[in-house]
Each structure stands twice: as structure tokens, then as C-alpha cells.
Amino acid sequence: VAAGLIHCDDFVYIDAGTTTEALADAITEKAVYFTNGLIHAQKLMRKGYEVHVPSGCLRSGTEAIVGLETLEALKKYHFTCGFFGTNGIDPNAGFTTPDIGEAQVKREAFSRSQKVFVLSDASKFNQVAPVTFGDLERATIITDHLEDLRYREKTSIMEVE
């Protein structure tokens, strides 16, 4: 479903992470991509797409490119759409993640995306990780299941199988 939201004239940001890696696998549109996920970049490049990556420090746990250089690189761009993973979604805390460096990169890319999509399974709802990177109102959540109706009051939800 998320891959189907990408069009050929888009400049797409794809966040590092396992859920967004599944998105990279599903993409069939020849757009221009920017990602801080090393695995994502390799997958998209092998498909023949134009892929941009920032400079910075590569985190061993997530293989995400983070740091001051990454933040500075992001300030040059304006994405038509951005796709993000998250560790927690909470009505008050918003979208959260445990790592400060990754949160900073997510926050900057989030703010530079015209349309924001957060990809999440149902287990992330009502969870709060240490660092907030985005407000619920700013994004459409694409998820497999949603029971808590409070989220529909705050943001757009797309449920998929």
C-alpha cells in the first residue's frame, strides 16, 4: 500500500528501519529516493533507481546513517513524501524512538516532507520510547490493525492487511 503512494515525479525520503526496508522491497516506481538506511539504498540501487544517501556516522545496530553531517545534508532538501518507521506511537508523546541521533535525523526529514507516512504494526500503538521525533497530526499512519479510536481523532489512519 505504501509503495503504491509513490509516483514517478516524487522525491522520496525513506527512513532506516525494518518496516521501511519492507517498503524498499515493495517499491516499483522509478522515482528519486533519499535514504539514511544503508540496506535500503542498496536494495533501491539494485532495482536501478536513483538513490541519494547523506554522509555521517553508520550506527551498527540499525545500519542507519546519523549525526551532524546527516542533519546538515537534510537541510538542503524538500521531499514530496517521506516514509518513517517508529518504535512507539502515543496520543500525547507522538512518534517516538529510543536513539537520540536517529530521532534527530527522523525529526529533520519529517519536517522536510510534504506528505508524511509512518509505517507501523499494531504493537507500536500506546508505546512511548525515550525521544519524540514527530507529531501525530502531521502524518498518515499505515498499519495492520488499530483498535484504539483516539488515534483517528488525531491523524489519518490507513489500515492494511
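These legends go with close-up views of a predicted model. Local features are described where pLDDT is at least 70, side-chain atom pairs count only at pLDDT 80 or more, and totals for chains, interfaces and linings take in all residues. Residue numbers start from 1 along each chain as its sequence is written, and side-chain values use heavy atoms, with hydrogens and water left out.

**View 1. A seven-stranded parallel sheet, open at both edges.**
Read across, the strands come in the order β3-β2-β1-β6-β9-β11-β12, with parallel pairing. Because β3 (50–52) and β12 (156–159) each have a single partner strand, one side of each is left without a neighbour in the sheet. On average, neighbouring strands here are turned by 25 degrees against each other, direction ignored. Strands are DSSP runs of E with at least two residues, helices are runs of H or I with at least four, and both are numbered from the N terminus. Two strands pair if DSSP finds at least two bridges between them.

**View 2. Where β9 meets β11, and the helix lying across β9.**
Strand β9 (residues 113–120) and strand β11 (residues 140–143) run parallel and are joined by four bridges. Look for Phe117, which stands opposite Thr140 in β11. Helix α1 (residues 18–26) lies across β1 (11–14), β6 (79–84) and β9, at about 110 degrees to β9. Angles like this run from 0 to 180 degrees between N-to-C directions, along axes fitted to C-alpha atoms (for helices, over the stretch in contact).

**View 3. The small print on cysteines: zero disulfides.**
What keeps Cys8 from bonding to the closest cysteine sulfur? That sulfur sits in Cys81, 12 Å away, which is too far for a bond. A disulfide is taken as a pair of cysteine sulfur atoms within 2.5 Å. The two residues also sit in contrasting surroundings: Cys8 counts as exposed at 54% relative accessibility, whereas Cys81 counts as buried at 0%. Buried means under 20% relative accessible area, exposed means over 50%, and partly exposed lies in between (1.4 Å probe, protein chains only).

**View 4. Three antiparallel strands with α4 packed on them.**
This open sheet has the order β7-β8-β10, and its pairing is antiparallel. The edge strands are β7 (88–90) and β10, each pairing on one side only. Neighbouring strands in this sheet are turned by 40 degrees against each other on average, direction ignored. Three bridges join β7 to strand β8 (residues 94–97), and Gly88 has Thr96 in β8 as its bridge partner. Helix α4 packs on the sheet and touches β8 and β10, its direction making about 15 degrees with that of β10. Contact means heavy atoms within 4.5 Å.

**View 5. Helix α4, from its cap to Glu108.**
Helix α4 (residues 100–111) has 12 residues and reaches 16 Å from first C-alpha to last, close to the 16 Å expected at 1.5 Å a residue. That expected span is 1.5 Å times one less than the number of residues. At the N-terminal end, Asp99 acts as a cap, with a side-chain oxygen 3.1 Å from the backbone nitrogen of Gly101. The buried residues of α4 include Gly101, Ala103, Val105 and Phe110. Glu108 also counts as buried, at 18% relative accessibility. The side chains of Glu108 and Arg112 are joined by a polar contact of 2.7 Å. For a polar contact, a pair of N or O atoms must lie within 3.5 Å; within protein, one must be able to donate a hydrogen and the other to accept it, and residues adjacent in sequence count only if both atoms are side-chain atoms. Setting aside neighbours within four places in sequence, Glu108 is in contact with Leu71, Leu74 and Lys75.

**View 6. Arg59 and Glu63 in the loop between β4 and β5.**
Arg59 is found in the loop between β4 (57–58) and β5 (65–66) and counts as partly exposed at 26% relative accessibility. Not counting residues up to four places away in sequence, Arg59 touches Ala64, Val66, Asp99 and Glu102. Glu63, also partly exposed at 31%, has a phi near 55 degrees, a positive value in a residue other than glycine.

**View 7. Asn126, in the loop between β9 and β10.**
Here the phi of Asn126 is near 65 degrees, positive in a residue other than glycine. Asn126 counts as partly exposed, at 38% relative accessibility.
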